[in-house]
Amino acid sequence: MQLTWLGHACVLLTGTKKVLIDPFIPDGSVARTNPDLVLVTHGHYDHLGEAVALKKTTVAIGEIAKYLMEKGVTAEGMNIGGTITLDGVTITMTPALHSSRIDDTSMAGNAGVAAGFVVRMDGVCVYHAGDTALFSDMRLIGDLYHPDVALLPIGGRYTMGTREAMMAANFIGAKIVIPIHYNTWDRIAADPVSFKTAIERTTDLTVKILIPGESVEINPEV
Ligand code: NI
Ligand code: MN
């Protein structure tokens, strides 16, 4: 499976299917990725992004799925702790410690709660934490799903910073850690190099720092 970080929290998984998570990039469009499935972690505009315009089958918490269906988007609603399989892609919705809101008056402010996703496709397991604080139940995500890759926010202010994300990486235990949700704006400035150095000095995990648009190949564990 190929994993592409498009910037901010937006990640494209390309394998049997094309799965696009949090379809927002700051200065451009994700439309050209032409995904089969879209996953939305929560309602904030920097995650919901182009979900309405893309009009692809979209997986989100029930409240956001309802909003999308009212906008004419085919949506699959689920909730924290649940798992669904669509077109051979297995998706588990995980907790996230964060808020959620959709900036649309028709929503009356109810966008459910924020979430993360564990996605399994072609024998590879990817954990996208969404926007979240550190929480110790990330250990359970590691124990239950054994992700090969963990996509963790490190930008601080609205999510974990590097200090917390280091502990998150240890809790989850994914061999590959990819920092996301940083340096998009000054308010979430973070240094991925010191994050990488600190993790790799103290663990056997590898931190892959990507530039927006860059891909890595992730092989299933044998
Ligand atoms: Ni958010
Ligand atoms: Mn965010």
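User: In this predicted model, is Tyr45 buried, partly exposed or exposed?

Analyst: In this predicted model, Tyr45 lies in helix 1, and its relative accessible area comes to 48%. Buried would require a value under 20% and exposed one over 50%, so with 48% Tyr45 counts as partly exposed.

User: With which residue does Tyr45 form a tilted aromatic pair, and how many residues apart in sequence are the parts that this pair ties together?

Analyst: The ring of Tyr45 pairs with that of Trp185, at 6.5 Å centre to centre and with 45 degrees between the planes, and the pair is tilted. Tyr45 belongs to helix 1 whereas Trp185 sits in the loop between strand 12 and helix 6, so the pair ties together parts of the chain whose separation in sequence is 140 residues.

User: Why is the pair of Phe24 and Trp185 classed as it is?

Analyst: A pair of aromatic rings is described by the distance of the centres and the angle of the planes. For Phe24 and Trp185 the centres are 6.2 Å apart and the planes stand at 40 degrees. Planes under 30 degrees apart would count as stacked and those over 60 as edge-to-face, so at 40 degrees this pair is tilted.

User: Which residues do ring pairs link into a cluster, and where in the chain do Phe24 and Trp185 lie?

Analyst: Phe24 is placed in the loop between strand 3 (18-21) and strand 4 (37-39), and Trp185 in the loop between strand 12 (176-180) and helix 6 (192-202), so their pair ties together parts 161 residues apart in sequence. Phe24 is buried with a relative accessible area of 12%, whereas Trp185, with 26%, is partly exposed. The structure holds four aromatic pairs, and the cluster linked by ring pairs consists of Phe24, Tyr45 and Trp185.

User: Which residues coordinate the manganese ion (ligand 2)?

Analyst: Along the chain, the donors of this manganese ion follow the spacing D-H-x83-D-x49-H. Coordination takes place at 2.2 to 2.3 Å, and the residues are Asp46 (OD), His47 (NE2), Asp131 (OD) and His181 (NE2).

User: Which residue coordinates both the manganese ion (ligand 2) and the nickel ion (ligand 1), and is that residue buried or exposed?

Analyst: The manganese ion (ligand 2) and the nickel ion (ligand 1) are 3.3 Å apart, and Asp131 coordinates both. Asp131 lies in the loop between strand 10 (124-128) and helix 4 (138-145), 85 residues apart from Asp46 in helix 1 (residues 45-48). Asp46 counts as buried at 7% relative accessibility. Asp131, the residue that coordinates both ions, has a relative accessibility of 2% and therefore counts as buried.

User: In what order do the seven strands of the open sheet run, and which strands stand at its edges?

Analyst: The seven strands form an open sheet of mixed pairing, in the order 6-5-4-3-2-1-14. The twist from one strand to the next averages 20 degrees. Each edge strand has a single partner strand, so one side of each is left without a neighbour in the sheet, and these strands are strand 6 (75-78) and strand 14 (215-217).

User: Which residue of strand 3 does Val11 stand opposite?

Analyst: Val11 is found in strand 2 (residues 10-14), and strand 2 pairs with strand 3 in the antiparallel sense over four bridges. Val11 is buried, with a relative accessible area of 0%; leaving aside neighbours within four places in sequence, Val11 is in contact with several residues, including Val19, Leu20, Ile21 and His128. In the pairing with strand 3, the residue opposite Val11 is Ile21.

User: What is the phi of Lys55, and what is that of His146?

Analyst: Most residues other than glycine have a negative phi, and most peptide bonds are trans. Lys55 is placed in the loop between helix 2 (51-54) and strand 5 and is partly exposed at 48% relative accessibility, while His146, in the loop between helix 4 and strand 11, is exposed with a relative accessible area of 55%. Both have positive values although neither is a glycine: the phi of Lys55 is about 55 degrees, and that of His146 is near 45 degrees.

User: Which element of the chain has the lowest mean pLDDT?

Analyst: The chain averages a pLDDT of 96, with 98% of the residues scoring at least 70. Among the elements, strand 11 (residues 149-153) has the highest mean, 99, and the lowest, 95, belongs to helix 3.

Key
Residues numbered from 1 in each chain as written. Chains lettered and ligands numbered in written order. Predicted model: local features only at pLDDT ≥ 70, side-chain atom pairs only at ≥ 80, totals over all residues. Heavy atoms only, no water. Donors = N, O, S within 2.8 Å, 3.2 Å for Na, K, Ca; no water. Helix = DSSP H or I, 4+ residues; strand = E, 2+ residues; numbered from the N terminus. Buried < 20%, exposed > 50% of the residue type's maximum accessible area, 1.4 Å probe, protein only. Phe/Tyr/Trp six-rings, centres within 6.5 Å; stacked < 30°, edge-to-face > 60°. Contact = heavy atoms within 4.5 Å. Pairing = 2+ DSSP bridges. Axes fitted to C-alpha atoms, helices over the stretch in contact; angles between N-to-C directions. pLDDT = per-residue confidence, 0-100.
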